[in-house]
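Dear colleague,

I am handing over the structure below, and after it you will find what came out of going through it. Please read the notes with the coordinates open beside them.

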Amino acid sequence: AIDCAGDAAAEVLACSEAWESLVDTIMCNVKSAAIVACLACSVTDVVPSIRRKVAVEDITLEDGASTIVTVRAHRIRLYGRLGRVALAGTDRNDGHYGVRELSPFELCLFNEDGSPLEKPVETSIGYIRQEFPSSLVYGNSWMSTSPLHRSGALIALAAIVFTFPPYVHWCFHLAWILFYLGVAISTMVVIRHRQSWVIPTMLCTLRDYRRQLNRKQWVVQRVERGPGRALSVGKLVHMHEAFIQHIRSRHMSYVCSDIVKPLTKAAGCSFAEYVGPDAIQWFVSHFWGSPFKDFVDAIVAHARALAPSCLPAIQGEEAWKAVAYWMSAFSVNPWDIEGEVGADDVQQRSFYLALCAPGCRGTVMVMDPEVMPLRRAWCLFELLLTFALQLHNPAFELHFATGHGLLGWGSLPGGATDIDLARRIGEAATTLDLQDATASTDQDKNMIDDLVQR
């Protein structure tokens with residue numbers, strides 16, 4: 001009996017030791033899992049925040065200031081401070097800027113020192129990115145906490161779990177809770193970091209536009225620079241309608257940087273070649289700072305008025321869509337500017353080859369209410385060449401087009417009567433002086449002055 005009692009006690013002791021060993025093993029595993037979960041959550045929160053980027057919906061110019069609107073909430077909390085971000089993928093505005101928080105979806109853009117921008121930024125492409133280490137303190141805010149605060153709290157929890165004593169039931173249960181909490185938080189952090197995978201809406205529109213071109217079978221056709229790179233009005237209108245939600249009242253510079261260049265970058269060609277070029281019928285001279293919508297309306301009005309004489313073989317109400325215009329933004333290859341307009345011999349430059357081509361019937365100068373084309377060096381130079389061509393060919397035409405029709409045509413089809421605009425044109429014509437005209441760069445101005453003197 002004594003031996004049996006001793007054996008039973010030994011078995012109980014052995015079972016107790018085995019149970020304690022099992023519990024100890026489970027507790028260590030749970031503690032390890034909880035620590036790993038906390039540390040993994042900390043890493044998944046901090047690492048993507050180091051160079052976190054936010055997709056730009058639009059950067060608009062309002063009241064002289066550039067406002068960034070993001071596709072999703074930017075989650076940048078500056079608490080009244082001036083933040084520092086970098087713009088990337090905007091083609092012409094990349095660099096570092098200062099920002100102030102306006103709303104969960106808006107930021108106001110400044111120079112890095114907080115002063116107003118000398119040259120406003122306006123684009124619908126690109127990303128904003130906070131630089132390290134400010135991205136850990138002010139970026140990716142969630143429930144008023146930064147990645148640095150959350151990471152510190154998680155590391156502290158991991159340290160507390162590491163010090164949990166074994167065999168204490170509440171520590172065991174708390175470790176399990178922390179494990180599941182760490183997994184849940186890590187999952188939510190990864191989901192929130194998916195914002196960096198969102199692309200700007202403009203890039204989606206560009207993708208949809210490429211698909212439309214494929215359906216229409218408008219394919220890339222490379223031609224030599226000059227008169228073969230004109231663009232039909234139908235393709236111009238189609239492009240405007242596809243991007244009208246982005247263009248709004250913006251000007252040609254925006255269209256070139258945010259639409260033309262992203263579309264043609266891979267092919268390295270002009271927009272006319274990208275969608276299929278046509279032979280020139282009219283040369284267009286215009287001011288790039290006017291609203292693009294007004295420019296399109298003016299070209300459409302001109303095409304409707306001149307379609308019967310330009311394309312007598314084409315009948316029907318849609319004949320005007322086939323009239324082709326040489327327009328610098330669409331006919332010049334933006335990826336070979338030096339080859340297009342930088343040739344030493346002016347007669348080999350793209351615009352000169354187009355303007356002097358036998359198939360060119362004349363020049364269309366698109367006028368705005370401020371008659372800016374008569375104050376721009378490039379436009380005056382093109383006007384001077386037009387006058388020179390008229391001396392040798394009286395049939396070479398010069399038309400002034402607006403969104404309402406052609407000036408000087410009166411009651412004729414396509415004509416427009418704008419006495420105030422005609423008066424401003426007359427006043428500007430009486431004081432024309434190429435020396436006083438302006439250009440986008442001093443290099444362009446000096447080059448034009450030199451060409452005129454030759």
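**Helices H5 and H6**

In this model, which is a predicted one, Thr205, Tyr209, Gln212, Leu213 and Lys216 of helix H5 are in contact with His238, Met239 and Ala242 of helix H6. Sorted by type, the residues of this contact comprise 4 nonpolar, 3 polar and 1 charged. Two packed helices are described by the angle between their axes together with the distance between those axes. Here the axes of H5, residues 201–216, and H6, residues 233–242, come within 10 Å and cross at roughly 145°, and the crossing is right-handed.

**The protein as a whole**

The protein has 16 helices and 13 strands, and 46% of its 454 residues count as buried. Among the contacts with a separation of 6 or more, 74% are accounted for by residues 24 or more positions apart.

**Ser290 and Met367**

Two loop residues may be worth displaying in turn. Ser290 sits in the loop that runs between strand E8 (282–285) and helix H10 (292–310), and Ser290 counts as buried because its relative accessible area is 15%, where the cut-off is under 20%. Which residues is Ser290 in contact with, once its neighbours within four places in sequence are left aside? They are Arg250, His251, Met252 and Asp368, and with the last of these, Asp368, the side chain of Ser290 makes a polar contact through its own side chain at 2.9 Å.

Met367, for its part, belongs to the loop between strand E10 (362–366) and helix H14 (377–392). Its relative accessibility is 6%, so Met367 is likewise classed as buried. Met367 and Leu406 are separated by 39 residues in sequence, while their C-alpha atoms lie 9.7 Å apart in space.

**Cysteines**

How many disulfides does the model contain? The count comes to 0 when a disulfide is taken as a pair of cysteine sulfur atoms within 2.5 Å. Cys360 is accordingly in no disulfide, and the nearest cysteine sulfur to it, that of Cys356, is 8.3 Å away. Cys360 is nevertheless buried, since its relative accessibility is 6%, and Cys108, with a relative accessible area of 10%, is buried as well.

With best regards

Conventions: Residues are numbered from 1 along each chain as its sequence is written. This is a predicted model: local features need pLDDT of at least 70, side-chain atom pairs count only at pLDDT 80 or more; totals for chains, interfaces and linings use all residues. Side-chain values use heavy atoms; hydrogens and water are left out. Helices (H or I, at least four residues) and strands (E, at least two) are DSSP runs, numbered from the N terminus. Buried means under 20% relative accessible area, exposed over 50%, partly exposed in between (1.4 Å probe, protein chains only). A polar contact is a pair of N or O atoms within 3.5 Å; within protein, one must be able to donate a hydrogen and the other to accept it, and residues adjacent in sequence count only if both atoms are side-chain atoms. Contact means heavy atoms within 4.5 Å. Axes are lines fitted to C-alpha atoms, for helices over the stretch in contact, and angles run from 0 to 180 degrees between N-to-C directions. A crossing is left-handed if the near helix is turned anticlockwise from the far one by less than a right angle, and right-handed if clockwise. Ala, Val, Leu, Ile, Met, Phe, Trp, Tyr, Cys and Pro count as nonpolar, Asp, Glu, Lys and Arg as charged, and the others, Gly among them, as polar.
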